[in-house]
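Trainee: I should like to go through the reasoning behind the labels used for this model. May I put some questions to you?

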Amino acid sequence: MPESSVVDKLFTVVNWLLALSIGLIVGSCLVLQSLYVPFVPHAASIVIGWTIVILTILGAALYLFDRLRLQDN
């Protein structure tokens with residue numbers, strides 16, 4: 001696999017941080033009920049919000065774990 005340039009790496013990091021931020025913001029807004037989703041009961045939106053927050057944090061942790069594991073090899 002060819003080496004990626006600095007710009008490609010920076011672009012990847014910025015996109016990853018942006019996706020992480022959006023996931024946490026949307027999940028938090030659903031949990032705090034400041035984001036209204038039509039035809040979805042409040043209890044369901046809270047569950048969906050916590051699911052988004054937990055999966056976002058889990059995904060970020062697994063990504064960082066994978067990157068650290070790859071650096072050791």
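**Labels and their grounds**

Mentor: Let us begin with the fold: in this predicted model, the protein chain holds two helices and zero strands.

Trainee: Why is Thr 56 called buried?

Mentor: Thr 56, a residue of helix α2 (residues 42-72), has a relative accessible area of 16%. Buried means under 20%, so Thr 56 is buried.

Trainee: What makes the link between the side chain of Thr 56 and the backbone oxygen of Ile 52 a polar contact?

Mentor: The side chain of Thr 56 reaches that oxygen of Ile 52 at 2.6 Å. The limit for a pair of N or O atoms is within 3.5 Å, so the pair is a polar contact.

Trainee: Which residues does Thr 56 touch, not counting those up to four places away in sequence?

Mentor: On that count, Thr 56 touches Leu 20, Gly 23 and Leu 24.

Trainee: Why does Ala 43 count as exposed?

Mentor: Ala 43 also lies in helix α2, but its relative accessibility is 54%. Exposed means over 50%, therefore Ala 43 is exposed. Its C-alpha atom is separated by 13 Å from that of Cys 29, 14 residues apart along the chain.

Trainee: How does the radius of gyration of the protein chain stand against that of a compact globule?

Mentor: The protein chain has 16 Å, whereas a compact globule of 73 residues would have a value near 11 Å. The C-alpha trace spans about 50 × 25 × 15 Å along its principal axes.

Trainee: What share of the 73 residues is buried?

Mentor: Buried residues make up 12% of them.

Definitions and conventions. Residues are numbered from 1 along each chain as its sequence is written. This is a predicted model: local features need pLDDT of at least 70, side-chain atom pairs count only at pLDDT 80 or more; totals for chains, interfaces and linings use all residues. Side-chain values use heavy atoms; hydrogens and water are left out. Helices (H or I, at least four residues) and strands (E, at least two) are DSSP runs, numbered from the N terminus. Buried means under 20% relative accessible area, exposed over 50%, partly exposed in between (1.4 Å probe, protein chains only). A polar contact is a pair of N or O atoms within 3.5 Å; within protein, one must be able to donate a hydrogen and the other to accept it, and residues adjacent in sequence count only if both atoms are side-chain atoms. Contact means heavy atoms within 4.5 Å. The radius of gyration is taken over C-alpha atoms; the globule rule is 2.2 Å times the number of residues to the power 0.38.
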